[in-house]
Amino acid sequence: MKNSIYVLCFLMLFFSSKGYSQNTQTIKGVVIDQTNLQTIPGANIFYEDENGEVKGASSDFDGKFSLTNVSVGRHIIKCTFIGYEPWISGNIEVTSAKEIVLSIELAPSVFTTDEVVVVADKIGGSTNNEFTKVSGRSFSSEETQRFAGSINDPGRMGLSMPGVQVSNQDNQNTMVVRANAPFGLMWRLEGMEMPNPNHFADLGTSGGGISSLSIFVLGESDFLNGSFAAEYGNATSGIVDMHFRKGNTENHEHRFQIGVIGIDFASEGPISKKENSGSYLINYRYSTLGLLSKMGIRVVNPNVDNVFQDLSFNLYFPLSKKTFLNIYGLGGLSLESKDADPDGDRYVDWRTYSFPTNLGTTGATVTHLIDNKSYLYTAIGIGGNYVEWKNDTTSMGNSFRIEDQYYKSSLVTGTVQYNRQPSKRLNTKTGLYLTRYGYDVSNKYYDQSYDKEILLYEGLDHALMTEVFSQGIFKASKTVDLQFGLHAQHLSSTKDFALEPRL
């Protein structure tokens with residue numbers, strides 16, 4: 001066992017060591033208009049190096065830019081353009097191993113002034129969704145790595161917000177938002193609802209032990225804990241609205257890492273050698289606890305095994321200069337199991353259990369730029385969860401079932417959204433969601449006194465949720481925005497209809 005620990009420590013030190021053959025790196029990306037997604041040529045992108053010298057570049061006709069020979073370390077990138085609000089990044093960590101690819105979204109500036117006032121940025125910044133102005137914050141993958149206690153889990157980022165607390169144990173990311181039930185938290189990926197994306201997921205909740213979403217594939221994402229815009233519905237406590245980032249469109253890059261969570265392999269690059277051919281991004285993880293178990297080392301308990309693995313990908317195809325296709329996917333497997341201790345003298349020593357949890361989701365999105373004031377977004381996705389709990393005990397070498405329950409859920413969802421900016425002061429979005437929910441649940445236990453199985457509940461059914469929304473945001477002044485909208489939803493199984501105005 002000691003030899004195995006020495007080998008593992010050596011591997012972690014070896015793979016975590018940084019290479020010093022390259023002391024500079026490239027930061028590149030694209031600059032687009034936040035409201036209509038059109039590219040912005042001629043924008044200024046710059047940073048200040050360790051010597052206080054300002055270095056920068058301008059975006060080309062397609063909105064692309066490249067900052068070369070950027071020294072390794074942490075840098076703040078800024079972007080400015082006439083008629084738009086300045087854009088300032090957080091502390092971006094530049095390493096020699098990987099190029100930094102940014103997607104900079106500039107918000108149009110409606111009002112001009114003769115005076116320039118320099119103020120500090122609010123910690124956490126505003127959300128990426130322009131229609132969400134309060135009760136939310138954005139977070140990036142780089143920020144997730146630096147957040148204390150997050151263990152690279154984007155779900156735990158929400159615990160830093162007011163009114164949010166962990167529901168039960170601090171080894172889980174199940175959150176209670178404003179005293180609402182944990183099940184009221186909705187996870188969204190690429191603008192659509194998704195299954196619970198957590199390994200070791202709790203039965204009937206939206207949390208679990210650790211997220212299956214690797215920080216190496218996540219782009220800019222939002223956590224909302226109230227005052228939802230009209231496009232959000234069917235959630236009572238909070239929303240985690242996430243997006244996958246696009247892979248490097250020019251160079252192939254590969255990353256391998258081993259750490260406390262597990263081994264992590266990522267690869268990205270252009271799909272072909274042709275210009276503007278698109279990109280791929282793929283990431284695979286396998287848990288450290290699983291590796292240790294195979295080596296005979298059980299950290300949690302001498303008789304307990306914990307193992308998980310997940311795979312995520314994002315494929316980006318520019319079908320034309322105005323139409324873009326994204327195909328994404330996420331899958332995860334996890335299992336916690338306990339063996340009986342035949343030498344034990346307590347009930348817990350004789351107890352055995354099996355706790356497998358599986359999840360998966362995949363989908364495709366199409367963004368079409370209609371003109372310089374509007375675009376159309378369409379998407380379809382499918383996903384599901386499977387959680388099982390089997391609790392047994394042993395006596396005289398025989399196994400007796402105590403509890404047996406499982407929870408299967410599935411969803412198929414599609415959306416069509418039309419975004420239009422009639423003027424610089426007004427931006428609108430109207431859309432439709434159709435979601436088919438399916439479930440199959442069972443819970444039963446065995447009464448040893450009467451030697452019979454007792455069924456607590458079971459169910460198998462499906463329902464169709466229809467949601468329609470329309471929303472807008474009006475810039476009344478330089479410091480006042482008026483956000484308004486209407487959300488309507490209908491559930492087929494109960495015939496319930498709800499109309500919710502938002503202001």
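How many bridges join strand S2 (residues 44–48) to S3, and in which sense do the two strands run? Five bridges join them, and the strands run antiparallel. The model is a predicted one, and the chain it describes has 503 residues, of which 45% count as buried. Four helices and 30 strands are found in the chain, and the points below take up two of the sheets, a glycine in a loop, several salt bridges and a group of aromatic rings.

**The chain as a whole**

- Among the contacts in the chain with a separation of 6 or more, 58% are accounted for by residues that lie 24 or more positions apart.
- The chain exposes about 25,600 Å², and carbon and sulfur atoms supply 57% of this area.

**The four-stranded sheet**

- Strands S3, S2, S6 and S7 form an open sheet in the order S3-S2-S6-S7, and the pairing within this sheet is antiparallel.
- The edges of the sheet are taken by strand S3 (54–58) and strand S7 (87–88), each of which pairs on one side only.
- Within the pairing of S2 with S3, Asn 44 has Ser 58 of S3 as its bridge partner.

**The three-stranded sheet**

- A further open sheet is made of three strands in the order S4-S1-S9, and here the pairing is mixed.
- Strand S4 (64–71) and S9 stand at the edges with a single partner strand each, so one side of each has no neighbour in the sheet.
- Averaged over this sheet and with direction ignored, neighbouring strands are turned by 25 degrees against each other.
- The pairing of S1 with S4 is antiparallel and extends over six bridges, and in S4 it is Phe 65 that serves as the bridge partner of Gly 29.

**Gly 42 and its surroundings**

- Gly 42 lies in the loop between strand S1 (24–33) and S2, and with a relative accessible area of 35% this residue is partly exposed.
- When neighbours within four places in sequence are left aside, Gly 42 is in contact with Ser 59, Asp 60 and Phe 81.
- The C-alpha atoms of Gly 42 and Gly 63 are separated by 7.5 Å, although the two residues are 21 residues apart along the chain.

**Salt bridges**

- The structure holds 14 salt bridges, and one of them is formed by the side chains of Lys 28 and Glu 99, at 2.9 Å from N to O.
- Lys 28 lies in strand S1 and Glu 99 in the loop between strand S8 (92–94) and strand S9 (100–106), so this pair ties together parts that are 71 residues apart in sequence.
- Both partners lie under the 20% limit below which a residue counts as buried, with Lys 28 at 6% relative accessibility and Glu 99 at 11%.
- The side chains of Lys 98 and Glu 253 meet in a further salt bridge, at 3.6 Å from N to O.
- Because Lys 98 lies in the loop between S8 and S9 and Glu 253 in strand S19 (residues 253–258), this pair ties together parts that are 155 residues apart in sequence.
- Lys 98 counts as buried at 13% relative accessibility, and Glu 253 likewise counts as buried at 10%.
- Lys 98 and Glu 253 also belong to a network of salt bridges in which they are linked with Arg 245 and Glu 268.
- Lys 444 and Glu 453 meet through their side chains in a salt bridge of 3.8 Å from N to O; here Lys 444 counts as partly exposed at 21% relative accessibility, and Glu 453 counts as partly exposed at 40%.

**Aromatic rings**

- The structure holds seven aromatic pairs, among them the edge-to-face pair of Phe 355 and Trp 389, whose ring centres are 5.7 Å apart and whose planes stand at 70 degrees.
- This pair links distant parts of the chain, with Phe 355 in strand S24 (residues 351–371) and Trp 389 in strand S25 (residues 374–395), 34 residues apart.
- Phe 355 and Trp 389 are both buried, and ring pairs join these two residues with Tyr 353 into a cluster.

Key:
Residues numbered from 1 in each chain as written. Predicted model: local features only at pLDDT ≥ 70, side-chain atom pairs only at ≥ 80, totals over all residues. Heavy atoms only, no water. Pairing = 2+ DSSP bridges. Buried < 20%, exposed > 50% of the residue type's maximum accessible area, 1.4 Å probe, protein only. Contact = heavy atoms within 4.5 Å. Salt bridge = Lys/Arg side-chain N within 4 Å of Asp/Glu carboxyl O. Axes fitted to C-alpha atoms, helices over the stretch in contact; angles between N-to-C directions. Areas by Shrake-Rupley, 256 points an atom, 1.4 Å probe, with all protein chains shown as cover. Phe/Tyr/Trp six-rings, centres within 6.5 Å; stacked < 30°, edge-to-face > 60°.
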